[in-house]
Amino acid sequence: MKQILTVAAVAALMLSSCGSKNNSQNTDAANDTIAEAETVYSLLGKWNIENVVVNDSVSVRPDSIDAYFEFKTAGYRVETGCNSIQGDYTLAGDSIKWGNSIKTTMFCPDNMAVEDMLTQVLPNVVVVDFENDTVARLNTSVPGQYIELAKAPSEL
């Protein structure tokens with residue numbers, strides 16, 4: 001009878017250790033998934049403007065000019081190749097809110113298309129979506145309207 005109880009006790013211990021190993025593996029897998037979901041990318045630094053989309057048929061790519069955003073902890077600056085915009089912003093999770101801003105207003109015949117579309121889209125931006133640490137998209141409250149940014153090479 002003692003042998004049967006001993007065998008039963010050993011079997012119970014083995015089964016419980018298998019269960020805890022599976023639970024441990026499941027917990028590790030869940031923690032890995034949570035860690036991947038919690039990856040946070042920083043908006044700080046210089047971001048080149050790749051595309052400004054107003055709607056399905058209206059967009060502009062600043063191919064021949066140096067147009068960029070520069071985000072700092074105390075504000076942002078946008079260079080359009082002619083004029084600049086600077087002001088305050090707050091970022092909470094993926095939501096962004098723009099504060100007071102100022103803009104220069106020089107006339108530059110070669111650069112006005114980018115600037116005009118940017119000033120049309122920028123006030124509507126409410127969400128920042130990161131594709132990865134080098135591509136960000138500033139989405140607006142208007143469906144299909146956004147600004148696509150690429151991290152500047154010197155910032156990588």
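# Exercises on ring and charge pairs

The charged end of Arg-137 is placed over the ring of Tyr-146, 3.5 Å from the ring's centre. The model examined in these exercises is predicted.

**Exercise 1.** Determine which lysine lies over the face of Tyr-68, and at what distance from the ring centre.

*Solution.* The residue over the face of Tyr-68 is Lys-46. The distance from the ring centre is 4.2 Å. A charge counts as sitting over a ring only if NZ of Lys or CZ of Arg is within 6 Å of the ring centre and within 35 degrees of the ring normal.

**Exercise 2.** Classify the ring pair formed by Tyr-76 and Trp-98, and locate the two residues in the chain.

*Solution.*
1. A pair of aromatic rings is described by two quantities, the distance of the centres and the angle of the planes.
2. A search of the whole structure yields eight aromatic pairs. In the pair of Tyr-76 and Trp-98 the centres are 4.9 Å apart and the planes stand at 65 degrees; the pair is therefore edge-to-face, given that angles over 60 degrees receive this label.
3. Tyr-76 belongs to strand β4 (residues 75-79) and Trp-98 to strand β6 (residues 95-103); with these positions 22 residues apart, the pair links distant parts of the chain.
4. Tyr-76 and Trp-98 are both buried.
5. The two residues also take part in a cluster that ring pairs build from Phe-69, Phe-71, Tyr-76, Tyr-89 and Trp-98.

**Exercise 3.** State how many salt bridges the structure holds, and characterise the accessibility of Arg-77, Glu-79, Lys-103 and Glu-115.

*Solution.*
1. There are two salt bridges in the structure.
2. Arg-77 pairs with Glu-79, with 2.5 Å between the closest N and O atoms. Arg-77 is partly exposed at 30% relative accessibility, whereas Glu-79 is buried, because its relative accessible area of 15% is under the limit of 20%.
3. Lys-103 pairs with Glu-115, with 3.1 Å between the closest N and O atoms. Lys-103 lies in strand β6 and Glu-115 in helix α2 (residues 112-121), so this salt bridge ties together parts 12 residues apart in sequence.
4. Lys-103 has 39% relative accessibility and counts as partly exposed; Glu-115 is buried at 1%.

**Exercise 4.** Establish whether Ser-84 is buried or exposed, and which residues it contacts beyond its neighbours within four places in sequence.

*Solution.*
1. Ser-84 is located in strand β5 (residues 84-92).
2. Its relative accessibility is 10%, so Ser-84 counts as buried.
3. With neighbours within four places set aside, Ser-84 is in contact with Arg-77, Val-78, Glu-79, Ile-102, Lys-103 and Thr-104.

Methods. Residues numbered from 1 in each chain as written. Predicted model: local features only at pLDDT ≥ 70, side-chain atom pairs only at ≥ 80, totals over all residues. Heavy atoms only, no water. Phe/Tyr/Trp six-rings, centres within 6.5 Å; stacked < 30°, edge-to-face > 60°. Helix = DSSP H or I, 4+ residues; strand = E, 2+ residues; numbered from the N terminus. Buried < 20%, exposed > 50% of the residue type's maximum accessible area, 1.4 Å probe, protein only. Salt bridge = Lys/Arg side-chain N within 4 Å of Asp/Glu carboxyl O. Contact = heavy atoms within 4.5 Å.
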